[in-house]
Amino acid sequence: MSVELWTWIIVLLTFGLYVGIGIWARVRETEGFYVAGRGVPPIANGMATAADWMSAASFISMAGLISTLGYDGTIYLMGWTGGYVLLALLLAPYLRKFGKFTVPDFVGDRYYSQTARVVAVIAAVFVSFTYVIPQLVGVGTVFARYLGVPSTTGLWVGVAVTALFAVLGGMKGITWTQVAQYTVLIIAYLIPAFAIASILTGNPIPQLALTFSDIVSRLNQLQVDLGFTQYTQPFQRFDMLNILLITACLMFGTAGLPHVIIRFYTVPTVKDARASAGWALLFIALLYTTAPAVSVFARYNLINTLHGKSFEEVRQIDWVAKWEKTGLLRFVDKDGNGIVTVAKGNAFKFVPGTTRPDVNNPDTTSANEVFINNDIIVLSTPEVAKLAPLIIALVAAGGLAAALSTASGLLIVISSALSHDLYYRIINPRASEGQRLLVARVGILLAVLIAGYFGQNPPGFIAQLVAFAFGLAASSFFPAILLGIFDKRTTREGAIAGMVVGLVFTASYIIGTSYFGMPRWFFGVSPEGIGTVGMLINLIITIVVSRMTPEPPKEVQDLVESVRIPRGAKEAHYH
């Protein structure tokens with residue numbers, strides 16, 4: 001059967017599974033909707049956390065960026081994995097013992113302020129919207145290539161499926177759906193990696209094939225022959241300062257992501273929270289230790305497949321013809337010799353403010369004649385390696401699973417922030433269970449519709465947009481959570497001032513330098529790394545203002561002291 005037919009079969013089966021789980025796990029009470037009844041076993045929560053955290057950026061875009069950036073692309077590996085360890089060891093168990101439903105819940109109660117709660121709600125919604133848009137972009141990308149429908153249509157199909165199981169099942173439905181989605185995505189990632197490793201190196205274990213074969217030296221030499229620097233040469237895209245700041249930003253951002261933090265509220269006890277963190281790290285490591293190998297394999301195969309071939313010959317390759325139809329793969333014969341040249345630089349200039357090539361405006365500063373969107377490199381790799389149609393279709397299903405799992409978790413954050421933290425805790429404290437559930441479900445529908453609208457014309461690559469979301473999370477939530485746990489002297493005035501200044505500084509820098517042509521005025525720091533600066537500004541302002549204002553009430557200080565004692569925590573508080 002063709003790749004497209006296999007893809008239809010597998011996608012329909014997996015989507016049917018996700019919707020079926022959502023119907024089976026549908027909830028009628030807020031406890032189940034927000035925290036899955038606090039009854040998820042640690043190993044299942046570890047799988048759900050891994051799926052929630054490993055988004056379309058991890059599955060679809062990260063290896064593509066590493067493939068393009070080489071050594072400098074490892075910032076994504078180091079930042080995201082290091083950040084998860086930071087979250088699991090430093091924050092998650094204490095937040096679980098604090099016993100709240102959401103991050104704004106923690107901020108509002110810890111800092112004894114409704115204003116702090118509202119600021120946290122705004123930050124949670126802002127971060128989650130920035131993060132959910134690239135997930136829907138990933139869904140559209142997969143549909144555009146493998147199901148033969150426009151990317152916009154595919155995006156809205158993803159919107160409909162995600163909304164259905166999220167609205168019906170809430171966190172309970174999402175949790176068990178994410179267990180299924182992790183299973184799909186990890187199988188889809190590892191099988192082609194094993195196959196390509198065996199083909200290129202004779203060793204079927206990707207990690208060992210990368211380390212103990214000559215594939216990296218072959219790629220280095222190939223790049224040098226084509227005018228690139230060596231693949232493993234550092235500091236080509238980013239200087240040392242930006243490498244440090246981007247990595248740190250991704251770490252602190254991971255530790256401040258509300259949709260990951262909320263997963264630790266779904267287990268019965270603090271001990272289970274620690275256990276699920278360990279399981280999640282294992283499940284994450286399966287993909288993240290494989291990604292560098294996939295990146296090398298993908299780049300090596302792409303260059304060998306395209307460079308030096310005639311345009312006519314290349315366009316007769318099945319996968320090339322089909323990806324070219326999506327607009328995510330483009331060619332231009334700059335020198336008129338009819339031969340494809342892969343070289344350093346861009347094939348086209350970009351449409352201002354986007355990552356789309358201006359196909360009528362070749363970049364004459366480079367000899368490169370191929371434009372490959374970073375987000376298709378992993379998806380196209382099995383086709384480039386001429387693997388079986390079933391495996392290619394499985395990779396498409398894996399990309400969809402990664403995108404939908406994270407999108408659903410983010411929608412719960414937006415929904416709970418609006419319904420629980422804003423509507424119930426501030427606007428209408430007497431709201432009934434049914435009213436709160438209705439607001440939560442309407443919140444999911446509105447959120448996914450707005451995200452779908454912006455996802456039709458994304459302002460960046462998937463991993464780039466995700467990096468922006470992590471910067472916003474780092475500059476808003478991380479200091480408030482860290483000091484809220486470990487510094488009982490931190491006051492509401494300090495936390496509010498720090499979150500507002502950190503978020504506004506980081507968001508304005510990212511938007512200004514990325515989309516309005518502003519120079520990188522802060523020591524040349526890239527927009528992907530400015531979240532570290534915003535986090536430090538937030539931290540300093542919070543500490544200074546806290547020392548200049550009256551200390552928190554004694555009951556709040558006692559609560560902070562008790563949270564750090566590793567015993568005595570059972571169920572989360574019910575609101």
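1. A good place to start is helix 11, in which Asn-242, Ile-243, Leu-245, Ile-246, Thr-247, Ala-248, Cys-249, Leu-250, Gly-253, Thr-254 and Ala-255 are buried, where buried means under 20% relative accessible area, exposed means over 50%, and partly exposed lies in between, with a 1.4 Å probe and protein chains only. This helix covers residues 240-255, has 16 residues, and reaches 23 Å from its first C-alpha to its last, close to the 22 Å expected at 1.5 Å a residue; the expected span is 1.5 Å times one less than the number of residues. Helices here are DSSP runs of H or I with at least four residues, numbered from the N terminus.

2. A word on the basis of these points: this is a predicted model, in which local features need pLDDT of at least 70 and side-chain atom pairs count only at pLDDT 80 or more, while totals for chains, interfaces and linings use all residues. Residues are numbered from 1 along each chain as its sequence is written, and side-chain values use heavy atoms, with hydrogens and water left out.

3. On the surface, Met-1, Leu-5, Trp-8, Ile-9, Leu-12 and Leu-13 make a nonpolar patch of about 600 Å². Patches are made of residues with over 30% relative accessible area and no salt bridge, nonpolar side chains being joined within 5 Å, and the areas come from the Shrake-Rupley method with a 1.4 Å probe. One member of the patch, Leu-13, has its place in helix 1, residues 3-24, and is exposed, with a relative accessible area of 60%.

4. The interior is described by the largest nonpolar core, which has 188 residues and in which Trp-80 and Leu-185 have the most contacts. The largest share of this core, 21 residues, comes from helix 8, residues 151-201. A nonpolar core is a set of buried Ala, Val, Leu, Ile, Met, Phe, Trp, Tyr and Cys residues joined through side-chain atoms within 4.5 Å. Leaving aside neighbours within four places in sequence, Leu-185 is in contact (heavy atoms within 4.5 Å) with Ala-51, Met-54, Phe-59, Leu-287, Gly-398, Ala-401 and Ala-402.

5. The structure holds 13 salt bridges, each being a side-chain nitrogen of Lys or Arg within 4 Å of a carboxyl oxygen of Asp or Glu. In one of them the side chains of Glu-4 and Lys-322 meet at 2.9 Å, N to O. Glu-4 lies in helix 1 and Lys-322 in helix 16, residues 318-326, so the pair ties together parts that are 318 residues apart in sequence. Glu-4 counts as buried at 17% relative accessibility, whereas Lys-322, at 23%, counts as partly exposed.

6. Charged residues also form a network, in which salt bridges link Asp-105, Asp-109, Arg-117, Asp-421 and Arg-425. Within this group, the side chain of Arg-117 meets that of Asp-109 at 2.7 Å, N to O, and the side chains of Asp-421 and Arg-117 meet at 3.9 Å, N to O. The latter pair links distant parts of the chain, with Asp-421 in helix 18 (residues 389-427) and Arg-117 in helix 7 (residues 114-146), 304 residues apart. Arg-117 is buried, with a relative accessible area of 2%, and Asp-421 is buried at 0%, but Asp-109 counts as partly exposed at 21% relative accessibility.

7. Asp-487 deserves a separate look, as a residue of the loop between helix 20 (462-486) and helix 21 (492-515). Asp-487 is buried, with a relative accessible area of 14%, and, leaving aside neighbours within four places in sequence, is in contact with Arg-110, Arg-547 and Arg-564.

8. Ala-124 has its place in helix 7 and counts as buried at 0% relative accessibility. Not counting residues up to four places away in sequence, Ala-124 touches Pro-104, Pro-258, Val-413 and Phe-477. With one of these, Pro-258, the separation is 134 residues in sequence and 6.6 Å in space, C-alpha to C-alpha.

9. Finally, Leu-503 has its place in helix 21 and is buried, with a relative accessible area of 11%. Leu-503 touches Ala-123, Phe-126, Leu-472, Ser-475 and Ser-476, not counting residues up to four places away in sequence, while Leu-503 and Gly-471 are 32 residues apart in sequence and 8.9 Å apart in space, C-alpha to C-alpha.

Note on methods
Helices (H or I, at least four residues) and strands (E, at least two) are DSSP runs, numbered from the N terminus. Patches are made of residues with over 30% relative accessible area and no salt bridge: like charges are joined within 9 Å, nonpolar side chains (Val, Leu, Ile, Met, Phe, Trp, Tyr) within 5 Å.
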